[in-house]
Amino acid sequence: MGEKNIKQAIIRRIRAIPRGTVMAYGDVAAAAGFPGRARLVARILSESDGDLPWHRVLRASGQIAFPPDSPLFAEQTQRLRAEGVRVENGRVKLRRSGPDLDALLWAPD
DNA sequence: GGGGTGACAATTC
DNA sequence: GGAATTGCCACCC
């Protein structure tokens, strides 16, 4: 399998993240079928032209993956809040295996 | 081929 | 919850 396909699969997965929700780098990779490739997701996002919802991807801890004083940090925070996501102190509460909401957000393609 | 780097993560203390 | 450690993988020099 060529790497191009992996990249495409991950990009598709990122585009599929519903508005107002967030996903961790590792989760995106796993959901695309490539567990353990979190860093690849990060690299793809850094290379992307900005046509994908990069602001919906954060660390597994729920923290924004930029230094708090960086402009990207501010932009990501603003974009998330614009979608109704609560961002406090540079972090978002990730509810995994939580209430019924999960089944809805993590529904299959 | 070796070594350092990075929008990461799981484990351990 | 935080800090340190280890694993990871693509990319660059």
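1. A quick word on terms before anything else: buried means under 20% relative accessible area, exposed over 50%, and partly exposed in between, with a 1.4 Å probe and protein chains only. By that yardstick Ala32, at 18% relative accessibility, counts as buried. Ala32 is found in the loop between α2 and α3, and its C-alpha sits 5.9 Å from that of Arg13, although the two are 19 residues apart in sequence.

2. Ground rules. This is a predicted model, where local features need pLDDT of at least 70 and side-chain atom pairs count only at pLDDT 80 or more, while totals for chains, interfaces and linings use all residues. Residues are numbered from 1 along each chain as its sequence is written, chains are lettered from A and ligands numbered from 1 in the order in which they are written, and side-chain values use heavy atoms, with hydrogens and water left out.

3. Overall layout. Chain A has 5 helices and 2 strands, and along the sequence the pattern reads α-β-α-α-β-α-α. Helices (H or I, at least four residues) and strands (E, at least two) are DSSP runs, numbered from the N terminus. Of the 109 residues in chain A, 37% count as buried.

4. The core. The largest nonpolar core, meaning a set of buried Ala, Val, Leu, Ile, Met, Phe, Trp, Tyr and Cys residues joined through side-chain atoms within 4.5 Å, has 18 residues. Ile10, Ile14, Ile17, Val28, Val41, Leu45 and Val57 touch the most other members. The elements giving two or more residues here are α1 (3-15), α2 and α3, and α1 provides the largest share of this core, 5 residues.

5. Around the DNA. Taking near to mean that a heavy atom of the residue lies within 4 Å of the molecule or strand, 13 residues surround DNA strand B, and Tyr25, Gly26, Arg39, Arg59 and Ala60 come nearest. Sugar and phosphate account for 38% of the strand B atoms that come within 4 Å of the protein.

6. Polar contacts to the strand. The cut-off is a pair of N or O atoms within 3.5 Å; within protein, one must be able to donate a hydrogen and the other to accept it, and residues adjacent in sequence count only if both atoms are side-chain atoms. On the base side, an N or O atom in the side chain of Arg39 is 2.7 Å from a base nitrogen of DNA strand B, and a polar side-chain atom of Tyr25 lies 2.9 Å from a base nitrogen of the strand. On the phosphate side, a backbone N or O atom of Ala60 is 2.8 Å from a phosphate oxygen of DNA strand B.

7. Who supplies that surface? The elements giving two or more residues to the surface near DNA strand B are α2 (25-31) and α3 (38-47), and the largest share, 5 residues, comes from α3. By class there are 9 nonpolar, 2 polar and 2 charged residues. For the classes, Ala, Val, Leu, Ile, Met, Phe, Trp, Tyr, Cys and Pro count as nonpolar, Asp, Glu, Lys and Arg as charged, and the others, Gly among them, as polar.

8. Loops worth a look. Thr21, in the loop between α1 and β1 (23-24), is buried with a relative accessible area of 12%, and its side chain reaches the backbone oxygen of Pro18 at 2.7 Å. Ile64 has its place in the loop between β2 (57-58) and α4 and counts as buried at 4% relative accessibility. The C-alpha atoms of Ile64 and Ala74 are 9.8 Å apart in space, with the residues 10 apart in sequence.

9. Two neighbours between α4 and α5. Asn89 is found in that loop and counts as exposed at 76% relative accessibility. Phi of Asn89 is near 60°, a positive value in a residue other than glycine. Most residues other than glycine have a negative phi. Gly90 lies in the loop between α4 and α5 (101-105) too, but at 8% relative accessibility Gly90 counts as buried. The C-alpha atoms of Gly90 and Thr77 are separated by 7.3 Å, with their positions 13 residues apart along the chain counted as the text above counts the others.
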